[in-house]
Amino acid sequence: MSAPMPGPEVFDVVIFGASGFTGKYVIREALKFLPPNASPLRTLALAGRSRERVAAALSWAASPGPVPDVPILVADTSDPASLAVVTARARVLLSCAGPFRLHGRQVAAACAEAGAHCLDISGEPEFMERVEADLHEVAAKNGSLIVSACGFASTVADLGFLFHSRQWTPPSAPVSVVAYVNLESSDRKIVGNFATFESAVLGVANTSQLQALRRSRPRPAKPSIPGPPPPKGSLMIEHDKALGLWAMKLPSADTVVVKRTLANVTEHPEGLPCADETSDFEKHRKEFWSSIKPAHFGVKIGSRSILGLVWCLSTAIFVGILAGFSFGRSLLLKFPEFFSLGFFRKTGPTEAEVSNASFKTWFVGRGYIDSEHASECGSKLDKEIVTRVSGPEIGYITTSIVLVQCALILLSQRANLPKGGVYTPGIVFGPTDLQKRLEENGMSFDLISTRTIPSDEYAHAS
């Protein structure tokens, strides 16, 4: 009797949307960890709509070296059967095809059905929350981990908040943490990709759908935070003398993701039980989450010059006015460079513009030296801690580093991760060595300062 034919090869990682602008940078990052390098990534495949375009992206990513023998799979989000074939052959799928409200759910759903893990680089709140609402149960049943925002947005904010929170040793506790995001470039030219702009336009256009989704779901658990909540603030530009930044409020997925992480921790104070964790890791996991202190969280975009915020404010005004109707959206998407004052363009940044860019995100936390004083009438915030996360260009370099390191953890530490479901990066990777891995690959997490807030500074600090 002849032996049965072997089934199709299952790859450790499949990069979907590999021919896109971000996808080719993810390929380049992943190639660093293939054999003969010592890493859990032994086999890699690429997937996209066009074999020729994916092959061109692979050639670019491998340059100036020879093109490696990496299999290419053809699949399209409009063809569920092709997605089923790809996800059946993936242990971990890296989803890079955006906008995710148009292409992401199909990929995540196919992974959940197949029991494959799916990491994406979305920064789109409605997509992330809809995937959680629609796919959590099937993902949990099939042992699939679906994790959105595994790039600069919003893993830097999620891990940065967890790092910051652990600096508040008892009895001190934070009340509010504000992340100040500062994008920098050695040639003063920062350029974003068109897909990012398109996602923002579509997000604003469909705000009502996100609101309806949230009304239809149970309210998330509300963490217990000492003291009164800070003022909501406004979109007006302000100056932070200590950081040397002009800043304005930035509505972003980062705030949504951090709040989802804190809601989950409120429901599971010791973290989620893992698939088959060791006793040592179980102890570590419980100690890690017990050290996390919730706080009100927000994000601001910062610049050394007030003129640096003009593009941000102008783009926000244009998108806010025009994205609400069809003709306005078509104008925005046809002329992104004009409406963003040159920040977004359809051709994306050049390689030089990417290599010259970097970021710093300061986390400024204010709270109490002794949290017991929070309940006292007239108590004032009296402690400030500042931490910082910094690294290379956000959209392609940092995002690729974060995404690939998350995949390597999934491959090598699956037993010490949650059993399955749709979660934030912080919930899945917070207790792991992800921060250490990012620091080994060009990023840094630093404690900048700790100080007592003088009483006459309270009005400004709060």
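**Close-up 1. Phe16 in strand β1 of the predicted model**. Strand β1 covers residues 11–16 and includes Phe16. The relative accessible area of Phe16 is 4%. Buried means under 20%, so Phe16 counts as buried. Leaving aside residues up to four places away in sequence, Phe16 touches Ala47, Ala75, Thr77, Leu83 and Val107, among others. Its contacts also include the run Leu93, Leu94, Ser95, Cys96 and Ala97. Ala275 lies 259 residues from Phe16 along the chain. The C-alpha atoms of Phe16 and Ala275 are separated by 26 Å.

**Close-up 2. Helix α1 against helix α15**. Helix α1 spans residues 21–31, and helix α15 spans residues 394–412. Their axes are 9 Å apart and meet at an angle of about 50 degrees. Angles from 35 up to 65 degrees fall in the oblique class, so α1 and α15 are oblique to each other. Their crossing is right-handed. On the α1 side, the contact is made by Phe21, Thr22, Tyr25, Val26, Arg28, Glu29 and Ala30. On the α15 side, Gly395, Tyr396, Ile397, Thr399, Ser400, Ile401, Leu403 and Val404 take part. By class, the residues of this contact are nine nonpolar, four polar and two charged.

**Close-up 3. Helix α6 against helix α15**. Helix α6 runs over residues 152–165. It packs on α15 at an angle of about 65 degrees, with 9 Å between the axes. The crossing of α6 and α15 is left-handed. Phe152, Thr155 and Val156 represent α6 in the contact. Their partners in α15 are Ile394, Thr398, Thr399 and Val402. Four residues of this contact are nonpolar and three are polar. None is charged. Thr399 of α15 also appears in the contact with α1.

**Close-up 4. The largest nonpolar core**. This core holds 110 residues. Ile15, Leu119 and Phe429 touch the most other members. Helix α15 supplies the largest share of the core, 11 residues. Phe429 touches Leu119, Val147, Cys150, Cys406, Ile409, Leu410 and Leu434, with residues up to four places away in sequence not counted. Of these partners, Cys406, Ile409 and Leu410 fall within α15, residues 394–412.

**Close-up 5. A second, separate nonpolar core**. This core has 11 residues. Val319, Leu322, Phe339 and Phe344 are among them.

Terms used: Residues numbered from 1 in each chain as written. Predicted model: local features only at pLDDT ≥ 70, side-chain atom pairs only at ≥ 80, totals over all residues. Heavy atoms only, no water. Helix = DSSP H or I, 4+ residues; strand = E, 2+ residues; numbered from the N terminus. Buried < 20%, exposed > 50% of the residue type's maximum accessible area, 1.4 Å probe, protein only. Contact = heavy atoms within 4.5 Å. Axes fitted to C-alpha atoms, helices over the stretch in contact; angles between N-to-C directions. Parallel < 35°, antiparallel > 145°, perpendicular 65-115°, else oblique. Left-handed = near helix turned anticlockwise from the far one by under 90°. Nonpolar A, V, L, I, M, F, W, Y, C, P; charged D, E, K, R; others polar. Core = buried A, V, L, I, M, F, W, Y, C linked by side-chain atoms within 4.5 Å.
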